[in-house]
Protein chains: 2
Amino acid sequence: MEVVANITPSALREKIRSGEFSDNTSGLAPGFVQCNIVILPSQWAADFLRFCQANPRPCPLIACSSSPGDTGLAKLGNIDIRRDIPSYRVFRDGVFDVECGDIMDLWTEDLVTFALGCSFSFEEALMEAGLDVRNISEKVNVPMFRSNIPCESAGPFSGDMVVSMRPFLPADAIRAIQVCSRFPAVHGAPVHLGDPGAIGIADINAPDYGDPVNIRTGELPLFWACGVTPQVALENAAPPFAITHSPGCMLVTDMRNAELAIL
Amino acid sequence: MEVVANITPSALREKIRSGEFSDNTSGLAPGFVQCNIVILPSQWAADFLRFCQANPRPCPLIACSSSPGDTGLAKLGNIDIRRDIPSYRVFRDGVFDVECGDIMDLWTEDLVTFALGCSFSFEEALMEAGLDVRNISEKVNVPMFRSNIPCESAGPFSGDMVVSMRPFLPADAIRAIQVCSRFPAVHGAPVHLGDPGAIGIADINAPDYGDPVNIRTGELPLFWACGVTPQVALENAAPPFAITHSPGCMLVTDMRNAELAIL
């Protein structure tokens, strides 16, 4: 199950495809874009696409199927979406049903795949800028919170924005905003900083998802739009059938993070 | 003394040169760069130049004399530095001596002029972005504070950074950081945000220079490196003779703010 961190994306996908690797992809194939995945029946796809377009910060769409039933995402590499994710989650009527290592048996010609940008890309940019990304240095999942910032609804898809939090000293916070502004395709700049209560977060040490991290003296919490937002919208829309990646088990693509930099 | 706000820079300088206008230049000739001015004897010029280069955020050098005694700044327009500033301040041994409308009688072939970027340029960019610049909406001078952020010394020039403060709601603060990052030649992004005490400011309502502004519920103070910093360094260096502009009475140039945008 062990792989070297600097494995190429295609070599890693091969190990995933063969069932040899089914774990968290954080830190693997550095420099390459990893994606959140949502798979929906075609009749739900147009509304979900509109939801992404209306809410680009939490739902930065990087690629989607060219037509229903298409198992590839040519823009992102030689991908078989039915087998190239380490772990999938199946939802029925908006409720989590089961986790599985591939979706060969569940695939139909009616399914549409969406690949969304993920925070791993901007965390890499922050670290390259010499900044301490607390969830990484403390080796935990990033703390995530349901905020009271409403998303724009699209058909049945709606909900408040989920945000991830990383603390920084003020000068580093300014630098982090600059660094992340270069990457709108992977959530971009933070949406909030400072007082958690201002966006409806009651307790900064009790995240709704992920783990708490230490906020040191003088540090401010910075909040980014988070890829869990579309999962919440999915729960709210409750389509009869949907598939996502399992948390942290992302689609590892051949696209470079540097390709996403707008500057 | 009244001039129309959208007067051209050269027309405004003509009125200044003739003694017809000797007032604050804030809001005049919008779209064009206004500069802080420091004039020094040539033997002090090299150290001051090094001070600017070592501290580009408080001292963003836009132009300087091509040689001692040069009264023009060709890069910035058809300028006679002896008459084109509405009001000058003369310092002797680092101490303010007198204010005057021109420096024709004080000029010598030994003097070197430095033109530094000014916050008016980024304030314009903030307003164009739809943000409320509090000192402008409240029609007062921006509050400025002596921080405890040290400048890098160069010869006799040294001192802590003076910072200007503008309050914003968190999302606007993030936008303000993005907008100002485009303009490093006019102080660029803020150097601090949030807790004033973290940079040695005891009372946010008692600025060392300028006027206090209202900080509304939910707003954070953002702090920018300020062009008063070189004046403090000048006081510390105490050259036998120096001339600056009077606060708010800037050199209005033919250079467009848009020319300074790095993006």
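This passage describes helix packing, salt bridges, a surface patch and selected residue contacts in a predicted two-chain model.

Because the model is predicted, local features need pLDDT of at least 70 and side-chain atom pairs count only at pLDDT 80 or more, whereas totals for chains, interfaces and linings use all residues. Residues are numbered from 1 along each chain as its sequence is written, chains are lettered from A and ligands numbered from 1 in the order in which they are written, and side-chain values use heavy atoms, with hydrogens and water left out.

Helix 2 of chain B comprises 13 residues, 42-54. Helices here are DSSP runs of H or I with at least four residues, strands are E runs of at least two, and both are numbered from the N terminus. The expected span of a helix is 1.5 Å times one less than its number of residues. For helix 2 of chain B this gives 18 Å, and the end C-alpha atoms are 19 Å apart, which agrees. Five names make up its buried set: B:W44, B:A45, B:F48, B:F51 and B:C52. Seen down the axis of helix 2 of chain B, these buried residues fall within an arc of 125 degrees, so they line one face. The arc is taken over the directions from the helix axis to the C-beta atoms. An α-helix has 3.6 residues a turn, so residues three or four places apart point the same way. On the other side of helix 2 of chain B, B:Q43 and B:Q53 are exposed. Buried means under 20% relative accessible area, exposed means over 50%, and partly exposed lies in between (1.4 Å probe, protein chains only). The buried residues of this helix pack against strand 1 (32-41), strand 2 (61-64), strand 5 (111-117) and helix 6 (229-237) of chain B.

In chain A, A:F51 is found in helix 2, residues 42-54. A:F51 is buried, with a relative accessible area of 0%. Contacts were defined as heavy atoms within 4.5 Å. Not counting residues up to four places away in sequence, A:F51 touches A:C59, A:C151, A:E152, A:A154, A:F157, A:S158 and A:A233. A:F51 and A:L106 are 55 residues apart in sequence and 25 Å apart in space, C-alpha to C-alpha.

Over all chains, the structure holds 26 salt bridges. The criterion is a side-chain nitrogen of Lys or Arg within 4 Å of a carboxyl oxygen of Asp or Glu. One of them joins the side chains of A:R166 and A:E123 at 2.9 Å, N to O. A:R166 lies in strand 7 (residues 160-168) of chain A and A:E123 in helix 3 (residues 119-128) of chain A, so the pair ties together parts 43 residues apart in sequence. A:R166 counts as buried at 0% relative accessibility. A:E123 also counts as buried, at 6%.

In chain B, B:D84 forms a salt bridge with B:R17, with the closest N and O atoms 2.7 Å apart. This pair links distant parts of the chain: B:D84 sits in the loop between strand 2 and strand 3 (88-92), B:R17 in helix 1 (residues 9-17), 67 residues apart. B:D84 is buried at 0% relative accessible area, whereas B:R17 is partly exposed at 28%. In chain A, A:R13, A:R17, A:D84 and A:D254 are linked in a network of salt bridges.

A further bridge in chain B pairs the side chains of B:R146 and B:E235 at 3.9 Å, N to O. B:R146 lies in strand 6 (residues 144-150) and B:E235 in helix 6, so parts 89 residues apart in sequence are tied together. Relative accessibility is 40% for B:R146, which counts as partly exposed. B:E235 is partly exposed at 37%.

A:P9 lies in helix 1 (residues 9-17) of chain A and counts as buried at 5% relative accessibility. Leaving aside neighbours within four places in sequence, A:P9 is in contact with A:A29, A:F32, A:V252, A:T253 and A:D254. B:T244 is found in strand 10 (residues 241-245) of chain B and is buried at 1% relative accessibility. With the same kind of neighbours left aside, contacts of B:T244 include B:I37, B:V38, B:Y88, B:F91 and B:L234.

Methods. Patches are made of residues with over 30% relative accessible area and no salt bridge: like charges are joined within 9 Å, nonpolar side chains (Val, Leu, Ile, Met, Phe, Trp, Tyr) within 5 Å. Accessible areas come from the Shrake-Rupley method with a 1.4 Å probe; for residues, only the protein chains shown count as cover.
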